[in-house]
Structures are given as structure tokens and as C-alpha cells.
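Open the model in your viewer and keep the selection tool at hand. The stops below go from the contact between two chains to some ring pairs.

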There are 2 protein chains.
Amino acid sequence: MDLKDYIRDIPNFPKEGILFKDITPLWQNKVSFKESIQLLKERYKNQHIDLIIAAESRGFIVGAALANALEIGFIPVRKPGKLPYKTISASYELEYGTDTLTMHEDAISEKQNILIIDDLLATGGTAKAMAKMVEQLKGIVVEIAFIVELTFLNGRNKINDYNVFSLIQY
Amino acid sequence: MDLKDYIRDIPNFPKEGILFKDITPLWQNKVSFKESIQLLKERYKNQHIDLIIAAESRGFIVGAALANALEIGFIPVRKPGKLPYKTISASYELEYGTDTLTMHEDAISEKQNILIIDDLLATGGTAKAMAKMVEQLKGIVVEIAFIVELTFLNGRNKINDYNVFSLIQY
């Protein structure tokens, strides 16, 4: 099956001039949802991954489904003020200004193998912030994986210290 | 195993006087994460569920993992302005004021069997808003399921038109 058949183009979202890649049809269809997780599971099942981390909100969908499929733990990365326990944080650049992500400080132990997951690779800022937090807790970033990669935004350049993988490229 | 062993009490979060039940340790531990999804999978695997719907952000973690385990589709419910395609919406009451959730208008087809999932049943407002949207799209709410139920908040009263299930009660 071609997973691209389940990605929907939405013109002018979230603002004029942007062609948004809507992944929700891929998750809505039981065959494409299963296939996307299965492909990732096959790739990572023998790589001794200890934990998956993913950022809210859409990252949770693919990250939690894959973590359960691999029978490993899942760590949520959230906006500031959302996680209840003690946190670490990392900032990343937006078009104008910066944004910050947080993770519980006891989420990862030293030398654990971490897979970072997100639904979409655009500029790579979110992924890089997650990788920085993993390393701050002395975890090992095994790979950073995405459902969809927007290659024309060159997000890989920002995370070229790491292995990067995506299921679908535009 | 007792899943309660993986729920952490956080005093005074998100504000003074609230004892917050932190579910992240349950997801971080591979055994408790797997067990929680397995228990829900056993309950629903023969109930002909077509789709799971869940609200951002924490609801996505349990909803997507369970949908993948059941090999069915997953529908995200989000805050206004977050979903890119045409949406329907439902509002619910907060302590002060109201809040609104949205769902894609093509997320559910008539007579599909829907399982509503969330991590926590508190006052039941979010769950009721989700149920209203399912019915607006002529879907059938088979059940509303939670990882944790705060029974002292009587959230079941607000959703007593539906079957309600929770894995852990306080």
C-alpha cells in the first residue's frame, strides 16, 4: 500500500500560502494506521530501544502506538507547565521568537537507548530540542523517526548529528 | 500487578490544594504500559469497535496505543483551530467559563461503533463533549473508558447515559 494515499493536502492551513499535510486520514483508516506502525516496528524491534519519546500533541499518537507495539515505555514531551513533576527543558527557534519543550527529569536513565518520534519533520526544531533533552539526561539517541518528511524544508540539516528516518517524503 | 503502584501523587498541581494523579510513570514502565493496554484490549476486542476517539494531549497516548492494539482507526479530538479540515465542535463547562473541543466532520460514519478513551475521569465534561460529537455524526458510543477515575468528583453522573469503565479508581 502507498501510505501517501492517506495523507490529505489542506491548502492555506494554518495560514495563507501553506499547504498542510494532514495525517489524520492515515490514522483514521485501520489498514494504513496498522501499516505505518508495523513498518516502524520492523525497523526498530531488534535495536534494543528502551524508551520512545514524543512531543505533544500529534507526536503522542505515533509514539505511544509504536511504544506499545514494541512493548517498551513511552515518555511524553510537553509544553511548559503541563508536566506535573520536576522537569528539564530545551528551547528551539520559530520563524519569529522561540518555543520551549519540557520533559520529566526522571524520564530517562543514563545510557538508555532512546527513539525520538514525531509525526512530521518540517524545520527540525522540535526534534533537535528533544534530542538535547535526551542527552542532558545522558540517554543515547538511537534515531529520530517521522511519518512524513517535508524534504524541501531541509529539516535534516538541523539534526544531522543523528540518524534520521521517515516513512513518507515530499 | 497493581497499576496503582505506577500512579504518582503530585501535591498542589496544577494549583494549590489539588492532589494531582500523575500517570506518566505508568507509561514510562514497559510492564505497566503494556498491562494497561492489554486489559483494555481484552475488554473491547470482541465488541466490534470501529474507531477510538480521544482528546489531546494525554488522551492520545492511551487512545492511539489501544487503537493500534485492536487494529482499528484512531480519531483525534483537539482544541479549536488545531485540526486542519472542516470540523464540528462541542463545548463543556469548566469551574469558571466553558471550553470547546473539535473533531473532523468526516471522522465518523453513521452507525459506526465508537469507543471514547481518556486517561482520567474527573468531572466528565470532556468525555460528555466527545460523546455529543460522536452522536452529532450519528456514531454509536459503545463505552467511555479511562485509565484513572477520581470517584469523589462524581464524573459518572455527567455521563450516565453511557457505559463507563475505568481501570483504576480513587
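Select chain A and chain B together: 4 salt bridges are counted between them, a salt bridge being a side-chain nitrogen of Lys or Arg within 4 Å of a carboxyl oxygen of Asp or Glu. To see one, pick A:R8 and B:D106, whose side chains meet at 2.8 Å, N to O.

Before going further, note that this is a predicted model, in which local features need pLDDT of at least 70 and side-chain atom pairs count only at pLDDT 80 or more, while totals for chains, interfaces and linings use all residues. Residues are numbered from 1 along each chain as its sequence is written, chains are lettered from A and ligands numbered from 1 in the order in which they are written, and side-chain values use heavy atoms, with hydrogens and water left out.

Next, show the polar contacts between chain B and chain A: 15 residue pairs, both residues at pLDDT 80 or more. Such a contact is a pair of N or O atoms within 3.5 Å; within protein, one must be able to donate a hydrogen and the other to accept it, and residues adjacent in sequence count only if both atoms are side-chain atoms.

Now colour chain B by its helices (H or I, at least four residues) and strands (E, at least two), taken as DSSP runs and numbered from the N terminus. On the side that touches chain A, at least two residues each come from β1 (8-11), β2 (19-22), α1 (24-28), α2 (30-44), α3 (58-70) and β4 (73-77) of chain B. Which element gives the most to that side? It is α3(B), with 8 residues.

Widen the selection to the whole contact (heavy atoms within 4.5 Å): 39 residues from chain B and 39 residues from chain A. The buried area, meaning accessible area (1.4 Å probe) lost on putting two parts together and summed over both, is about 3200 Å², with 60% from carbon and sulfur atoms. In chain B, select B:Q28, B:N68 and B:P84, which lose the most area to chain A, together 19% of what that side buries.

Last, turn to the aromatic pairs, 4 over all chains; ring centres of Phe, Tyr or Trp (its six-membered ring) lie within 6.5 Å, and planes over 60 degrees apart count as edge-to-face. A:F13 and A:F20 pair edge-to-face, 5.1 Å centre to centre with 80° between the planes. A:F13 is buried (under 20% relative accessible area, 1.4 Å probe, protein chains only) at 15%, and A:F20 is buried at 13%.

Methods:
Phe/Tyr/Trp six-rings, centres within 6.5 Å; stacked < 30°, edge-to-face > 60°. Buried < 20%, exposed > 50% of the residue type's maximum accessible area, 1.4 Å probe, protein only.
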